[in-house]
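Q: I have a structure open on my screen and I'd like to learn how to read its features. Can you walk me through it, starting with the aromatic rings?

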Amino acid sequence: AKAGVDASRLFDAIAGAAQPRLGELNPHDFANMAWVFATAGVDAAGLFDAIATTAQPRLREFNLQNLANTAWAFACAYWKDSQFFVALADASVEGMSTVGDKHLTQWYQVSLHFRLEWPDRSFPLSHCHRRLQSAYQSEEPRPSRFQRDVAAALDRVGWTHVFEHETAEGLSLDMAQPTTKCAVEVDGPSHFLSNPASETYVENGATRFKSRL
């Protein structure tokens with residue numbers, strides 16, 4: 001997932017081989033498998049459905065890291081079953097006071113996905129909303145030189161903008177005009193997976209997830 005290579009055929013083979021053996025996995029395995037497929041942006045609905053079905057009765061065995069990683073992965077994969085997110089969040093409630101910023105950030109992104117998909121439902125961790133958002137916003141933007149060069153070019157052609165604009169939800173936009181609701185995102189190589197055979201690039205899962213939010 002971190003290699004930056006589009007290996008869809010390999011992931012398809014892994015998904016096919018893994019599904020019949022999901023009952024042998026431990027909570028860490030479930031979370032890792034979901035995270036890897038989501039991060040790579042692989043469409044594996046059958047695998048995710050099987051993971052949800054197999055893992056949900058065992059969520060009390062998951063530690064807080066496993067729960068956060070699994071929830072983020074399913075949100076990243078645009079999972080449409082609200083009950084699985086509710087179950088993951090409910091299993092995390094008692095330990096939320098000990099969760100670090102990394103996993104609070106994941107839960108915040110999950111909450112945004114939940115709100116987009118089910119706007120009439122209350123997210124189970126809504127009582128922690130401020131803490132989740134604060135953790136997410138505490139991550140300092142790291143603009144690349146490429147991003148700064150694009151911003152300078154836009155300035156030269158007269159497109160005035162706010163650099164690293166933060167939305168009300170806490171999302172950071174590379175360059176934005178809040179009054180016109182226009183934004184420009186500059187995605188460098190780390191946001192894509194390459195396919196050497198076809199010399200093409202596709203967005204990785206995390207980049208697609210942020211774009212959707």
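Q: How many aromatic pairs does a search of the whole structure find?

A: Keep in mind that this is a predicted model. A search through the whole of it turns up twelve aromatic pairs. Take F48 and W79: their ring centres are 6.4 Å apart and their planes make an angle of 35°, so the pair is called tilted, a label for angles that are neither under 30 degrees nor over 60.

Q: Which parts does the pair of F48 and W79 tie together?

A: To read a pair like that, look up where each partner sits. F48 belongs to helix α3 while W79 is in the loop between α4 and α5, so the pair links parts that lie 31 residues apart in sequence.

Q: Are F48 and W79 buried or exposed?

A: Both are buried. Another pair to look at is F114 with W118, again tilted, at 5.0 Å centre to centre and 55° between the planes. F114 and W118 are both buried too.

Q: Which residues form one aromatic cluster?

A: Here you follow a group of rings instead of a single pair. F85, W107, F114, W118 and F123 make up one cluster. A ring can also have a charge over it: the charged end of R212 sits over the ring of Y78, 4.8 Å from the ring's centre.

Q: Now the core. How many residues does the largest nonpolar core have, and which have the most contacts inside it?

A: The largest nonpolar core holds 56 residues, and those with the most contacts inside it are F37, L47, F48, I51, F74 and W107. At least two core residues come from each of α1 (8-18), α2 (27-39), α3 (45-55), α4 (64-76), α5 (82-92), α6 (101-117) and α7 (129-137). The largest share, eight residues, is supplied by α4.

Q: What is F74 in contact with, leaving aside its neighbours within four places in sequence?

A: With those neighbours set aside, F74 touches A34, F48, I51, A52, W79, F84 and F85. You met F48 and W79 earlier as a tilted aromatic pair.

Q: How are two packed helices described?

A: You give the angle between their axes and the distance between those axes. For α4 and α6, the axes come within 9 Å and cross at roughly 35°. The crossing of α4 past α6 is left-handed. On the α4 side, the residues that meet α6 are Q65, L67, A68, N69, A71, W72 and A75; their partners in α6 are H103, Q106, W107, Q109, V110 and H113.

Q: How many of the residues of α5 are buried?

A: For a whole helix, go through its residues and see which are covered. In α5, nine of eleven are buried, so the helix is mostly covered. The buried ones are S82, F84, F85, V86, A87, L88, A89, A91 and S92. They pack against α3, α4 and α6.

Q: Let's end with polar side chains. Is Q147 buried or exposed?

A: The relative accessible area tells you. Q147, which is in helix α8 (residues 145-156), has a value of 4%, so Q147 is buried. Apart from neighbours within four places in sequence, Q147 is in contact with F163, E164, D174, M175 and V186.

Q: And where is N32, and how does N32 count?

A: N32 is in helix α2. Its relative accessibility is 35%, so N32 counts as partly exposed.

Key. Residues numbered from 1 in each chain as written. Predicted model: local features only at pLDDT ≥ 70, side-chain atom pairs only at ≥ 80, totals over all residues. Heavy atoms only, no water. Helix = DSSP H or I, 4+ residues; strand = E, 2+ residues; numbered from the N terminus. Buried < 20%, exposed > 50% of the residue type's maximum accessible area, 1.4 Å probe, protein only. Contact = heavy atoms within 4.5 Å. Core = buried A, V, L, I, M, F, W, Y, C linked by side-chain atoms within 4.5 Å. Phe/Tyr/Trp six-rings, centres within 6.5 Å; stacked < 30°, edge-to-face > 60°. Lys NZ or Arg CZ within 6 Å of the ring centre and 35° of its normal. Axes fitted to C-alpha atoms, helices over the stretch in contact; angles between N-to-C directions. Left-handed = near helix turned anticlockwise from the far one by under 90°.
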